[in-house]
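This report introduces a structure to a reader who has not met it before. Please keep the sequence and the model in view while reading.

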Amino acid sequence: MTLKIRSSALAINFWLSGLKRRKSTMAWTCSGDTNDELVERLKQAGIISNQRVIDAMRVIDRKDYCPRYAYYDEPQSIGYGATISAPHMHGYALEKLQDYLQPGMRALDVGSGSGYLTACMAEMVGPEGKVVGIEHIEPLVELSEKNMAKRHADWLREGRVKFIAGDGRLGYPADSGYDCIHVGAASSKKPTALLDQLKAPGRCFVPVGMASQAIMMYDKDENGVIHEKEWLSVMYVPLTDKEKQYGA
């Protein structure tokens with residue numbers, strides 16, 4: 001099978017992008033023709049099961065945030081060396097964070113890209129909650145605001161969601177502590193600056209590593225002690241600085 005790598009960003013995700021879009025229960029082949037069909041297949045595959053997660057992914061139409069192939073279960077380029085992760089990875093993240101995305105809670109989405117997962121998180125925390133999306137590429141911050149304004153401009157006006165241009169590796173201390181932090185790119189090491197911004201209790205979901213990567217879950221207990229667990233081998237674009245990403 002010939003892999004057609006359209007960009008270096010997609011090349012990092014080659015093990016997903018080159019797979020045939022066949023219909024099966026494998027995580028990366030849950031593609032659908034509509035948003036509802038995509039969500040239903042993620043549910044059938046056992047990737048998502050919590051009803052609040054299912055409802056959020058149904059409410060937030062991925063097509064509003066993904067420029068093409070919105071319902072394919074593959075990562076897609078959104079420009080500037082960035083990708084929107086495959087839907088199954090977003091489903092996994094929401095499932096693992098759902099206890100920390102209860103109504104009224106506060107979340108940080110690092111590497112928020114086009115704003116899709118930020119929107120799902122905002123749907124889950126409700127009108128009394130708050131989600132901050134941080135992205136160091138200014139045009140992507142503008143894109144995420146434009147995307148969200150298609151259906152949820154009120155979330156931006158009312159402060160339920162805020163998109164910030166900045167270095168996500170440093171988090172966003174102005175609105176900490178966060179009940180949960182999601183990181184959408186691979187940190188080269190344990191993200192201590194982010195963990196410092198977690199509430200106690202709180203959870204951080206982050207891919208860590210370089211050549212070899214895994215999703216790490218860092219749980220801060222009621223006493224502020226961090227417990228870490230390696231969960232799933234993955235391959236994400238690196239969490240890097242703006243100059244290196246533009247050069248990708």
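## Strand pairing around β7

Two strands are said to pair if DSSP finds at least two bridges between them. The model discussed here is predicted, and strand β7 (residues 198-209) serves as the starting point. Strand β6 (residues 178-183) runs parallel to β7 and is joined to it by four bridges. Within this pairing, F205 of β7 is the bridge partner of H182.

Strand β8 (residues 213-220) is antiparallel to β7, and eight bridges join the two. Opposite Y218 of β8 stands C204. The connection from β7 to β8 is a hairpin of three residues. Nine of the twelve residues of β7 are buried, so the strand is largely enclosed by the rest of the structure.

## The nonpolar cores

In soluble globular proteins, nonpolar side chains tend to be buried together. The largest nonpolar core in this model has 49 residues, of which I48, M57, L94, L101 and M121 touch the most other members. Elements that each supply at least two residues of this core include α5 (87-97), α7 (138-158), β5 (161-165) and β8. The largest share, eight residues, comes from α6.

L101 illustrates the packing: leaving aside its neighbours within four places in sequence, L101 is in contact with R52, L94, A107, M121, M124, V125 and C180. A second, separate core has 20 residues, among them Y172, I181, L194 and L195.

## Helix α3 and its buried face

Four residues of α3 are buried, namely N35, L38, V39 and L42. Seen down the axis of α3, these buried residues fall within an arc of 95°, so they line one face of the helix. They pack against α4 and α5. Following α3 is G46, which has a positive phi, near 80°.

## D61 in the loop after α4

D61 lies in the loop between α4 (51-59) and β1 (76-79). Its relative accessible area is 17%, and residues under 20% count as buried, so D61 is buried. Leaving aside neighbours within four places in sequence, D61 is in contact with N35, Y71 and R151. Of these, N35 is also one of the buried residues of α3.

D61 and Y71 are ten residues apart in sequence, and their C-alpha atoms are 9.3 Å apart in space. The side chains of D61 and Y71 are joined by a polar contact of 2.7 Å.

## Aromatic pairs

The model has four aromatic pairs. One of them is formed by Y65 and Y116, an edge-to-face arrangement with 6.0 Å from centre to centre and 70° between the planes. This pair links distant parts of the chain, since Y65 is in the loop between α4 and β1 while Y116 is in helix α6, 51 residues apart. Both Y65 and Y116 are buried.

Another pair consists of Y92 and W231, whose ring centres are 5.2 Å apart and whose planes stand at 80°, so the pair is edge-to-face. Here too distant parts of the chain are linked: Y92 is in helix α5 and W231 in strand β9 (residues 226-234), 139 residues apart. W231 is partly exposed, with a relative accessible area of 25%. Ring pairs link Y92, F205 and W231 into a cluster. F205 in this cluster is the bridge partner of H182.

How values were computed
Residues numbered from 1 in each chain as written. Heavy atoms only, no water. Buried < 20%, exposed > 50% of the residue type's maximum accessible area, 1.4 Å probe, protein only. Contact = heavy atoms within 4.5 Å. Polar contact = N/O pair within 3.5 Å; in protein donor to acceptor, adjacent residues only side chain to side chain. Core = buried A, V, L, I, M, F, W, Y, C linked by side-chain atoms within 4.5 Å. Arc of directions from axis to C-beta. Phe/Tyr/Trp six-rings, centres within 6.5 Å; stacked < 30°, edge-to-face > 60°.
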